[in-house]
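Colleague: Please take a close look at one part of this model, a residue in a loop, and say how it sits. Then carry on to the helix packing, the cores and the contact between the chains.

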Amino acid sequence: MKTREPIITVSHLFKKFGSFTANDDLNFTVYKGEIFGFLGANGAGKTTAIKILCGLSKPTSGEATIAGFDVYTQTNQIKNSIGYMSQKFSLYEDLTVYENIRFFGGIYGMTRKHIKEKTEQLLNKLGLQDSAKKLIKDLPLGWRQKLAFSIALVHDPKIVFLDEPTGGVDPITRRQFWNQIYEAAAEGVTVFVTTHYMDEAEYCDRVSIMVDGRIAALDTPQNLKDTFHAESMNEVFIKLARNAVNNE
Amino acid sequence: MNTVVAENISKSYNKIPALNNINFSVDKGEIFGFIGPDGAGKTSLFRILVTLLLPDEGKASVVGLDVVKDYKKIRKQVGYMPGKFSLYQDLTVEENLTFFATIFSTTIEENYHLIKDIYSQIEPFKDRRAGALSGGMKQKLALSCALIHKPEVLFLDEPTTGVDAVSRKEFWEMLKSLKSAGITIVVSTPYMDEASLCDRVALIQNGNILKIDKPEMITANFGKKLLALRSSNIHKLLSDLGNYQYCDSVFPFGQYVHYTAKENQMNEGELEKYLLSSGHEHLEMKMIEPNIEDCFMSLMNQTA
C-alpha cells in the first residue's frame, strides 16, 4: 500500500562520465509501499541511476538517500536494505532451489535458523515443497522467475529493484508475476521496476520516463495519458522518447 | 511459390521435446512472425531452417532446397540474425561488414543499395569496434551483415528483445522496406503487440503451434465477447470477477481488466449488479475487440 513516507529521495543528482552527462539533475521521491515504474529508452541513463540507488556507484554531485541511508557514505547499509532481481541475473542454475535460498540468505547475514524458517515459508507459498532439491535449470522459466522474486525478498528488504524482470515469459506467467509484485507492495515493500512492456507501466502507482539523462515526465499512468492526450502508455513513451538525442 | 516449408518437424534434447510436429509454409515476399515466450521452440526451429541444427523428424525446405541435403546451397541464400549478438566484437563496424561480404564473395559496394537505409545510420561509427556499440547500433550492424549477400530470405530471431519501444518501432519500419525490396522475412518475437506488423503469424508455445493466420483473422476468430472493466479497486475487481459464477477468464490489462463469460453467459446488466453489490465504485464497463494477447492466453488455456 502506498503511503506518504519517503523511502527513496533523490535531489539534484548528476552523474558524468568525462564530458557525457548520463544523469542530468534527477529529482524524485518514492514512497514506502509504492510500485514505481522507471522507464526510458535504451541509453537514457536508467542503468546509471539504478546503480547509484543500489549503492554500486557514486553520483558526481547531488543528494540521494535509500531507506534513510546516504548513497555516498552508507552503501553497505543500503545493500542490506534492498533486494535486486533482473532477467539477466537472478539465480544460480547449477544450484538447487534450497541451495540458492541458503546462498542468498547467507550473503545477507541471516542465521541458519532464520534461513530455515524462511525457506519453508517461501516454498509453501509458491507450492514448490517438492522441488527444493531440484536444480534451477530444471525448473520452467516461469517458476524460476517467481522463485527469483521471492529470494530477492528473503531478507525482508525495504525496497526491491526489478530490472526488466518479465522479459520472455508467456502472458499468463507475466500476469502471475505482477500479482506477486502487488502482494509484496501490499505488505509494505517498495517496488522499483523497469520494463519495456508499456502495458506493465500501467500497473505501477507512478511512472517516470527518462529521456537523455533527465526525467521528462513523472506522474500516475492516468495523468500521463491525460497530459499527453494519449490512449496508452506506449503512445506517451513514443511521444516523449522519439526526439531523444541519446536513444541510439 | 512457398519460400519456406516445414512438414512434421520434431526435435528433442535428451528426450525433452523442443518442437512437436511443426507444420507451416511462408509465401514469397511475406513477413511471417513466430510469436511466443522463451522456451516455445522458436530458436530451435530457426536453427533447423538455416541448417545449423538437424531435425529428429520431418522435412523442411527453404527456397525449394532441402535443409539437410542442400545445406550448402541454402546457406548462400539466407540471411540469419541470431538472438544473441554474434558478430566479431574485436573487429570494427566496417571490418565486420567487409568480412561477411567477402565470405559470400561479394563487396559492400555491390549490395550497398540493400543496406543503405540501415547502414547509413551507423556509418559515422564505422571505425568503432563492434563490442563498443550500443544495443540499438549492434542490432543495425547485425541486420546489415545478414543482408550484405542479398539473401532471398531473412531469418531474424528475436531482433527486438530488450529494445525500447521507439527503437522497436524503427526496426519494424526497416523490415517493411526490406519486404518491399522483395525479401521474404521470417521473424520471431516475444512481444505480442508486434504480431499486427506481420502479414501472417504463428502463435507458438511449448513446441506447439497454437494457431497460424493473419493477425486480424486471429483476433476476428476469438469467438467470445470480451468485456473491459475498471473500478477504483482493480485488485478487488480481479478477485470478485474470478469468483463470479459465470466467469470463464479474467486477466489484468494495464489499468483495465479483461473478462470473458462461460458460453453464452455474458450478461452485462447482471454482472454490473453483482459488482455494485460487492461495493465497487467508479465502475466502468465496455465491450471491446480482443487483441493478440487475449487470443494467445485463450489458446493457451484451451491447450493446457
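Modeller: A residue counts as buried if 20 or more other C-beta atoms lie within 10 Å of its own, as exposed if there are 12 or fewer, and as partly exposed in between. The model is predicted, and the part I take is Asp212(A), in the loop between strand 9 (206-211) and strand 10 (214-219) of chain A. Asp212(A) is not a glycine, yet its phi is positive, at about 50°. Around Asp212(A) there are 19 other C-beta atoms within 10 Å, so it is partly exposed.

Chain B offers a residue to set beside it. Lys15(B) belongs to the loop that links strand 1 (2-13) and strand 2 (16-27) of chain B. Lys15(B) is likewise a residue other than glycine with a positive phi, here near 70°. Lys15(B) has 5 C-beta neighbours inside 10 Å and therefore counts as exposed.

From the loops I turn to the helices. In chain A, helix 5 (residues 141-152) and helix 6 (residues 171-186) have axes that come within 10 Å and cross at roughly 10°. Because of that angle, helix 5 of chain A is roughly parallel to helix 6 of chain A. The crossing of these two helices of chain A is right-handed. Helix 5 of chain A brings Gly142(A), Gln145(A), Lys146(A) and Phe149(A) to the contact, while helix 6 of chain A brings Thr173(A), Phe177(A) and Gln180(A). By class, this contact of helix 5 with helix 6 of chain A has two nonpolar residues, four polar and one charged.

In chain B, the pair to look at is helix 3 (residues 93-103) and helix 5 (residues 135-147), whose axes come within 8 Å and cross at roughly 20°. This angle is why helix 3 of chain B is described as roughly parallel to helix 5 of chain B. Helix 3 of chain B passes helix 5 of chain B with right-handed crossing. On the side of helix 3 of chain B, Val93(B), Asn96(B), Leu97(B) and Phe100(B) make the contact; on the side of helix 5 of chain B, Leu141(B), Ser144(B) and Cys145(B) do so. The residues of this contact in chain B divide into five nonpolar and two polar, with no charged residues.

Next come the cores. The largest nonpolar core holds 71 residues, and Leu49(B), Phe155(B) and Ile185(B) have the most contacts inside it. Helix 5 of chain B gives the most to this core, namely six residues. Leaving aside residues up to four places away in sequence, Leu49(B) touches Val4(B), Ala60(B), Val62(B), Val67(B) and Phe155(B). A second core, separate from this one, has 62 residues, among them Leu91(A), Ile101(A), Cys204(A) and Val207(A).

The contact between the chains is the last item. Chain A supplies 28 residues to it and chain B supplies 28 residues. On the side of chain A that touches chain B, helix 6, helix 7 (198-201), helix 8 (221-227) and helix 9 (233-241) of chain A each supply at least two residues. Helix 6 of chain A gives the most to that side, with five residues. By class, the side of chain A that touches chain B has 13 nonpolar, eight polar and seven charged residues. Helix 6 of chain A thus appears twice in this account: its axis comes within 10 Å of that of helix 5 of chain A, and it supplies five residues to the side that touches chain B.

Key:
Residues numbered from 1 in each chain as written. Chains lettered and ligands numbered in written order. Predicted model: local features only at pLDDT ≥ 70, side-chain atom pairs only at ≥ 80, totals over all residues. Axes fitted to C-alpha atoms, helices over the stretch in contact; angles between N-to-C directions. Helix = DSSP H or I, 4+ residues; strand = E, 2+ residues; numbered from the N terminus. Parallel < 35°, antiparallel > 145°, perpendicular 65-115°, else oblique. Left-handed = near helix turned anticlockwise from the far one by under 90°. Contact = placed C-beta atoms within 7 Å. Nonpolar A, V, L, I, M, F, W, Y, C, P; charged D, E, K, R; others polar. Core = buried A, V, L, I, M, F, W, Y, C linked by C-beta atoms within 7 Å.
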